[in-house]
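Me: Please take a close look at one helix pair in this model and describe how the two helices meet. I would then like the account to continue, in the same detail, to the other helix contacts, the enclosed space and the backbone geometry.

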Amino acid sequence: MASSSSLKPIFSSPLTSSPSPHSPQKPSSLLSFLHSTTSTPISLKLSSNPPHSNSHPRSKSFAVTNVVLKTDTSPETTSAPSNYSQDLGPPLTKPTILVSEKLGEKGLEVLREFGHVECLYDLSPDQLCSKISLCDALIVRSGTKVTRQAATEFGCLVVNAPTANTVAAAEHGIALLAAMARNVAQADASIKAGKWQRNKYVGVSLVGKTLAVMGFGKVGSEVARRAKGLGMNVIAHDPYAPADRARALGVDLVSFDQAIGTADFISLHMPLTPATSKVFNDETFAKMKKGVRIVNVARGGVIDEDALVKALDSGIVAQAALDVFTKEPPPKDSRLVQHENVTVTPHLGASTKEAQACVAIEIAEAVVGALKGELSATAVNAPMVPPEVLSELSPYVELAEKLGRLAVQLVAGGSGIKSVKVVYKSARDPDDLDTRLLRAMITKGIIEPISSSFVNLVNADFTAKEKGLRISEERIVVDSSPELPIDSIQVQISNVESKFASGISDNGDISIEGKVKYGTPHLTSVGSFDVDVSLEGNLILCRQVDQPGMIGQVGNILGEHNVNVSFMSVGRTVLRKKAIMAIGVDEKPDKEALKKIGEISAIEEFVFLKL
């Protein structure tokens, strides 16, 4: 996507609480969207000579499906670019979006309303890499090959457009099924060659035959629905499909061997993974009924093509109808393509006018949403959080990041952070609480203030692992409103010293806790002290002798130095003993103001925390 000199992964030393000279700003973003109107896998290339490629072999095997969001995390890029606001909100100037393959006009209209759109087709790999270094987003289809796979490592969000072409792909599967059964393609070629061979092209009926749908996702279930309408008996195999959805369609979920062993027709709708690569091979073909017919509109790689040719020659497979191939386009002399009992189409699964328009709009909206910094419900290499869960958890996302940011600032300089525990308190059953998004944001809050790394939902777990940071989670059921997904979030950092001793809990860990109140994140406890302060602006924590006049003394000092106080809360353990005062301030107090606060005799310790 860009030259190797401009894209360098960040691998800093183990985490310490020593803050960088300045808080890292949001790095510049190259939002690269790999788009395909089909579900063909695409790879991601960041550079032709990627740094650290030998030390991170896992990045070489990362496959993306449709869309990529890429962020430059060069250590030398520590300030925000001119077109991005501090909070990764909408760009202040229009971003540049490169479209390297044809996209529907409706999609282009959506993009043009948000940014500058350049449509440049048939770029060479070198031209593409050179061009996208100047762009904020890249949209491609399956024709543009992106080969280096390091999206997760570099914080590149990979999302897809999974719904717009579902019906088109299912319809094409049914079309191939019927065309294969009635020899439509062969008969067409024959009659155009001047022949009339009615007896040669006698077909088979679909009514009463058993169709095995291999992969019961969106497309597979739509194929099953249509096949039932044709009078077929439909069974399905999918280890992840919910049984109630299958029952609602009148489909029986069965084992892999039972599905292939009893089917008259087999329709493939499974993803290509290491587990499914060439899953249809000599061994599995041998388990099928003699004369079975196979349709594939999913992934070419799930079939061992040489094994399929042998099965066709032996009569185990009577016919095959294929829209996808291991290599596309397939070789002109391919025995499989040229086989008289095979019907082929050039990856047309999503190629309807309606699907092209819908996909163009869906992918354009995904691009715009990601450029705005919005979370994606269709992320491939980040927590797959359903839209309804995203909506419900959104108020807690800011709370999670700010708690991580506060906790790490309480760690004394030189104390390496190795172990963090996050406790979620909720009225819901722990199994009903999806916390992956919140864990990522806590990780972001902990890492970014003390390193040059940029952390997002994509690379949070990867970055934590690289830095030797272990984050564990605990879910506790409490008596609170079940309508709220979370009552509170607590962040504990173990085996470290604290620059604010009152932040140490009874078990010896730095501990802070917060809640969402009235839609705003609040700090509710520090160590063993209860407080209640909105997490807006910045925060001053003071441990003091619990006596009258303390709020006034600190407030006067801040007022004299033109520092506006937004919130103030006092928590204490015993009356007239010890107390913590939490003060929300809009500006950072200067050194003189902080010095005066520290000189108040009743204040035993205090700390300024930047949010």
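Reply:
**Helix packing, a cavity and backbone geometry**

In this predicted model, helix 12 (residues 387-409) and helix 13 (residues 436-447) cross at roughly 30°, and their axes come within 7 Å. Angles under 35 degrees count as roughly parallel, so helix 12 is roughly parallel to helix 13. The crossing in which helix 12 passes helix 13 is right-handed.

On the side of helix 12, the contact is made by Leu390, Leu393, Tyr396, Val397, Ala400, Glu401, Gly404, Arg405 and Val408. Helix 13 contributes Leu437, Leu438, Met441, Ile442, Lys444, Gly445 and Ile446. By class, the residues of this contact between helix 12 and helix 13 divide into 11 nonpolar, two polar and three charged. Glu401 and Arg405 of helix 12 take part in the contact, as does Lys444 of helix 13.

A second pair is formed by helix 3 and helix 5 (residues 218-229), which pack at an angle of about 50° with their axes 8 Å apart. Helix 3 and helix 5 are therefore oblique to each other, and their crossing is right-handed. In helix 3, the residues that meet helix 5 are Thr166, Val167, Ala169, Ala170, Glu171 and Ile174. Their partners in helix 5 are Lys218, Val219, Glu222, Val223, Arg226 and Ala227. The contact of helix 3 with helix 5 comprises seven nonpolar, one polar and four charged residues.

The third pair is helix 15 (residues 550-560) with helix 16 (residues 591-598), whose axes come within 10 Å and cross at roughly 165°. Since angles over 145 degrees count as roughly antiparallel, this makes helix 15 roughly antiparallel to helix 16. Here, too, the crossing is right-handed. Val554, Ile557, Leu558 and Glu560 of helix 15 meet Ala593, Lys596 and Ile597 of helix 16. Five nonpolar and two charged residues make up the contact of helix 15 with helix 16, with no polar residue among them.

Turning to enclosed space, the count comes to two cavities of 30 Å³ or more. The second largest cavity has a volume of about 30 Å³. Its lining consists of Tyr424, Ser426, Arg428, Asp429, Pro430, Leu433, Arg475, Ile476 and Val477. Strand 16 (419-426) and strand 17 (470-477) are the elements that give two or more residues to this lining. Strand 17 supplies the largest share of the lining, three residues. By class, the lining of the second largest cavity divides into five nonpolar, one polar and three charged residues.

Two backbone features complete the account. A cis peptide bond joins Glu328 and Pro329, with omega about -5°. Pro329 is placed in the loop between strand 14 (317-322) and helix 10 (335-338). Asn183, although not a glycine, has a positive phi of about 55°. Asn183 lies in the loop between helix 3 (166-181) and helix 4 (184-192). Helix 3 is also the helix that packs against helix 5 at an angle of about 50°.

Methods
Residues numbered from 1 in each chain as written. Predicted model: local features only at pLDDT ≥ 70, side-chain atom pairs only at ≥ 80, totals over all residues. Heavy atoms only, no water. Axes fitted to C-alpha atoms, helices over the stretch in contact; angles between N-to-C directions. Helix = DSSP H or I, 4+ residues; strand = E, 2+ residues; numbered from the N terminus. Parallel < 35°, antiparallel > 145°, perpendicular 65-115°, else oblique. Left-handed = near helix turned anticlockwise from the far one by under 90°. Contact = heavy atoms within 4.5 Å. Nonpolar A, V, L, I, M, F, W, Y, C, P; charged D, E, K, R; others polar. 1 Å grid on protein atoms, 1.4 Å probe; cavity = no way out; pocket = protein on both sides within 12 Å on 5 of 7 lines; lining within 4 Å. Points joined across faces, edges and corners; volume = space filled by probe spheres on them.
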